[in-house]
Amino acid sequence: MEVRDVLIVGGGISAHTAALYTARASMKPLVLSGFEPDQLSLTTLVENFPGFPDGIMGPELVENAKKQARRFGAEYVQEVAESVKKTPNGFEVVAGGKTFAGRTLIISTGASARMLNIPGEKEFLGRGLSTCATCDAALYKNKIAIVIGGGDSAMEESLALYKFASKITLVHRRNAFRASKIMQDRVRSLKDRISVVWNAIPVEVQGQKFVTGLKVKDAGTGKETVLSADGVFLAIGHNPNTGFLKGFLDLDANGYVKVQGVKTSVPGVFAAGDVMDPVYRQAVTSAGTGCMAALEAEKFIEHLKAAGQYA
Ligand code: NAP
């Protein structure tokens, strides 16, 4: 089996950036990119990635980064990583039943949409319940939609839906949004069709064949109300995709990879992007940590060579 200088696990902007840098360092990176779309590919216009004064569409940004990495020789395999183990030469990753070997490893598996774990959620997922307004908003032309959450994602989902839906209700469990001011202001300027229900805790997604509404409980009084809707959109954050890493390296209480800079608890294994960043979670910081992980992996290989341990 060929042992690569670096295996990169993940398919988002941090993985492509790590691939670009390691390819340019002649490390012959192999990227195990999985099947789920990365978060930027589910976004519309990205206005805060430097270098694009008029913004750039999320999917285009990611595709460009991948193309750029490929231009320097990065290779991609679309398989989902299932397990990782240490070997005398470095590491082995099992993905799609096949085994891949690398002297270093960069983990860039990102994070997936968080769910509420309430009745009706599993049943109606894909039948009126969605975790991606950017993907599904067009299905709600002249329909009524609910967006759950109070962060930037919830604002963004509401704005995406505003282009199509006749009425959007933002349901938030507290009485203040955590979203950035600019996003809040945009949503507030669209009062004609976007309203907010504060202090509302979702308790059940209701429907028959498709969603018909959301039952919420008032956080103060406990009173339950049903809000009618054709679509319910979850925008309550994300969980890191680290299930396959349990027991291999240190994770924090929320499952994020524990890092010092981009170094994980296992020498030779680095992490980049949302999988290790519960704080900033921006496209540009993901690209930044992807670059850092690549440079650290390169340094690690140089140390192996200098110590006569490069086999
Ligand atoms: P987030 O900032 O973690 O916000 C999640 C929201 O969901 C919070 O308002 C939270 O309520 C609520 N929530 C969490 N669990 C819940 C539950 N079980 N029931 C009801 N509500 C629940 O996540 P995000 O909005 O996805 O944003 C993540 C990061 O990406 C942030 O750094 C954000 O700035 C960034 N982002 C940026 C943009 C942009 O700039 N265009 C767009 C999207 C995301 P509480 O407030 O009460 O905790």
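By a polar contact I mean a pair of N or O atoms within 3.5 Å, and with that cut-off in mind I would like to take you through this structure, which is a predicted model.

Let me start at the ligand. A polar side-chain atom of Asp152 lies 2.6 Å from an oxygen atom of the ligand, which falls inside the 3.5 Å limit for a polar contact. Two other side chains can be described in a similar way: in Arg173, an N or O atom of the side chain is 3.0 Å from an oxygen atom of the ligand, while in Glu156 a polar side-chain atom is 3.2 Å from a nitrogen atom of the ligand. On its own the ligand has 910 Å² of accessible area, and the protein covers 80% of that.

Turning to the shell as a whole, there are 21 residues around the ligand, and those that come nearest are Gly150, Asp152, Ser153, Arg174 and Arg178. By residue class, the shell divides into seven charged, nine polar and five nonpolar residues. The element that gives the most to this shell is helix α5, residues 152–162, which contributes three residues.

Now to the domains. The assignment for this chain gives a domain 1 made of 3–112 + 238–306, and a domain 2 that covers 115–234. Their centres, taken over C-alpha atoms, are separated by 32 Å, and the contact between the two takes four residues from domain 1 and five residues from domain 2. Where does the ligand lie with respect to domain 1 and domain 2? Both domains give residues to the shell around the ligand, so the ligand lies between them.

Next, the strands, beginning with an open sheet of five, in the order β10-β17-β11-β12-β13, in which the pairing is parallel. The edges of this sheet are formed by β10 (129–130) and β13 (194–197), each of which pairs on one side only. At the β10 edge, the pairing with strand β17, residues 231–234, is parallel and runs over two bridges, and Leu129 has Val232 in β17 as its bridge partner.

Finally, there is a hairpin that I would ask you to look at on the screen. Strand β15, residues 211–218, and strand β16, residues 224–228, run antiparallel and are joined by five bridges, with Lys215 standing opposite Val226 in β16. This hairpin has five residues between the strands, and here Gly222 takes a positive phi near 80 degrees.

Definitions and conventions. Residues numbered from 1 in each chain as written. Predicted model: local features only at pLDDT ≥ 70, side-chain atom pairs only at ≥ 80, totals over all residues. Heavy atoms only, no water. Near = heavy atom within 4 Å. Polar contact = N/O pair within 3.5 Å; in protein donor to acceptor, adjacent residues only side chain to side chain. Areas by Shrake-Rupley, 256 points an atom, 1.4 Å probe, with all protein chains shown as cover. Helix = DSSP H or I, 4+ residues; strand = E, 2+ residues; numbered from the N terminus. Nonpolar A, V, L, I, M, F, W, Y, C, P; charged D, E, K, R; others polar. Domains from an automatic or database assignment. Pairing = 2+ DSSP bridges. Contact = heavy atoms within 4.5 Å.
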